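Reader: I should like to learn how to read the features of a protein model, one at a time. Could we look at the model together and begin with a helix?

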Amino acid sequence: MSKYFALIPAAGTGSRIGSPMPKQYQPINGRPMLWHALKPFNLHPGIERIFVVLSPSDTWFAQMRWDEFESRLEVLRCGAESRAGSVLNGLRAIGGRVAGDDQILVHDAARPCLTLQLIDKLLAQVGDDRAGGLLAEPLADTLKRADVGGRILGTEPRDNLWRAQTPQMFHYDVLVKALAAAGDEVTDEASAVERLGLSPLLVKSDATNLKVTYPEDLHLAEAILKSR
């Protein structure tokens with residue numbers, strides 16, 4: 001049977017957060033954001049190991065405590081300029097220890113509110129599908145297309161549109177092939193897999209699995225985690 005591994009690219013700086021401290025290390029309820037992103041994978045009994053991909057020049061990680069994860073966490077200092085490059089470098093670094101049909105769950109370091117229930121749902125619904133799958137949320141907002149001056153050009157239909165989230169789960173061999181072919185042109189793993197002619201499964205998530213991008217998102221993530 002396939003084994004499950006988590007891979008979290010955390011080599012970026014997150015400049016839109018407006019702080020000299022990289023976004024993944026911003027404190028949320030007294031812990032780094034990355035700590036919260038790692039926690040559900042560490043608690044999940046089906047995850048064999050957790051790999052975090054850092055920039056070779058990262059000095060922040062070593063300044064913080066990660067004791068809770070020591071038995072399952074491994075740091076890979078092979079991050080690249082792009083997310084796709086970091087994920088591909090990480091996959092190549094672990095290539096000798098995972099099988100081609102093992103499942104890789106790629107998760108954003110800036111999604112600190114993932115739950116065990118959502119991981120369970122992803123694993124159960126995607127199963128052994130060679131096209132893989134990802135958590136996503138159906139769009140509910142009205143979409144407007146704007147011109148360069150910020151004025152509305154038109155209203156876009158939202159039927160069958162989803163907001164992609166993470167984790168995104170794919171077989172190791174499929175994901176390596178897809179990312180190697182796509183280069184830095186893609187912004188998520190599913191986009192690369194789509195280019196192979198495959199159609200990953202959308203697994204319904206919810207808005208609490210948010211990605212922290214702007215300073216106000218930190219407060220929202222804090223509130224979500226405190227409510228649990």
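Author: Let us begin with helix α6, in a model that is predicted. The face of α6 turned away from its buried side carries exposed residues, namely Glu216, His219, Lys226 and Ser227.

Reader: Which residues of helix α6 are buried?

Author: The general idea comes first. An α-helix has 3.6 residues a turn, so residues three or four places apart point the same way. In helix α6 (residues 215-227), the buried residues are Asp217, Leu218, Ala221, Ile224 and Leu225. These residues cover an arc of only 130° around the axis, and therefore lie on the same side of α6. Their cover includes β2 (27-28) and α1 (33-43).

Reader: Is Lys226 buried or exposed?

Author: Lys226, which lies in helix α6, has a relative accessibility of 63%; because exposed means over 50%, Lys226 counts as exposed. Separation can also be read in two ways: Lys226 and Ala136 are 90 residues apart in sequence and 23 Å apart in space, C-alpha to C-alpha.

Reader: How should I read Glu137 by the same approach?

Author: Glu137 lies in strand β7 (residues 133-138). Its relative accessibility is 16%, and because buried means under 20%, Glu137 counts as buried. Leaving out residues up to four places away in sequence, Glu137 touches Trp162, Arg163, Gln165, Asp206 and Ala207.

Reader: In what order do the strands of the sheet stand?

Author: Strands of a sheet pair through backbone hydrogen bonds, either parallel or antiparallel. Here seven strands form an open sheet with mixed pairing, and the order is β5-β4-β1-β6-β10-β7-β11. The edges are taken by β5 (73-76) and β11 (201-204); each has a single partner strand, so one side of each is left without a neighbour in the sheet. From one strand to the next, the twist averages 30°.

Reader: Which helix packs on the sheet and touches β1?

Author: That is helix α2 (residues 83-93), which touches β1, β4, β5, β6 (103-106) and β10 (162-171). The direction of α2 makes about 140° with that of β1. The buried residues of α2 include Ala84, Val87, Leu88 and Leu91. Among the elements that cover the buried residues of α2 are α4 and α5 (189-194), as well as strands such as β1 and β4. Helix α4 (residues 172-182), for its part, lies across β6 and β10 and runs at about 120° to β10.

Reader: How many bridges join β1 to β4?

Author: Six bridges join β1 (residues 4-9) to β4 (residues 47-53), and these strands run parallel. One position to locate is Ile8, whose bridge partner in β4 is Val52. On pairing with β6, β1 is again in the parallel sense, over four bridges, and Ala6 stands opposite Leu105 in β6. By contrast, β6 and β10 pair in the antiparallel sense over four bridges. There, the bridge partner of Leu105 in β10 is Met169.

Reader: Which residues of β6 are buried on its two faces?

Author: In a regular strand the side chains alternate between the two faces of the sheet. In β6, Gln103 and Leu105 are buried on one side, while Ile104 and Val106 are buried on the other, and both faces are covered.

Reader: Which residues touch the most other members of the largest nonpolar core?

Author: In soluble globular proteins, nonpolar side chains tend to be buried together. The largest nonpolar core here has 29 residues, and Leu34, Leu38, Phe41, Trp66 and Leu105 touch the most other members. At least two residues of this core come from each of β1, α1, β4 and α3 (116-126). Helix α3 gives the most, with five residues. Beyond its neighbours within four places in sequence, Phe41 is in contact with residues including Ala6, Ile8, Leu105 and Pro167. A second, separate core of 27 residues includes Leu76, Val87, Phe170 and Ala190.

Reader: How many aromatic pairs does a search of the whole structure find?

Author: A pair of aromatic rings is described by the distance of the centres and the angle of the planes. The search finds three aromatic pairs. In one of them, Phe61 and Trp66 are stacked, at 4.5 Å centre to centre with 5° between the planes. Phe61 counts as buried at 9% relative accessibility, and Trp66 is buried with a relative accessible area of 7%.

Key:
Residues numbered from 1 in each chain as written. Predicted model: local features only at pLDDT ≥ 70, side-chain atom pairs only at ≥ 80, totals over all residues. Heavy atoms only, no water. Pairing = 2+ DSSP bridges. Axes fitted to C-alpha atoms, helices over the stretch in contact; angles between N-to-C directions. Contact = heavy atoms within 4.5 Å. Phe/Tyr/Trp six-rings, centres within 6.5 Å; stacked < 30°, edge-to-face > 60°. Buried < 20%, exposed > 50% of the residue type's maximum accessible area, 1.4 Å probe, protein only. Arc of directions from axis to C-beta. Core = buried A, V, L, I, M, F, W, Y, C linked by side-chain atoms within 4.5 Å.
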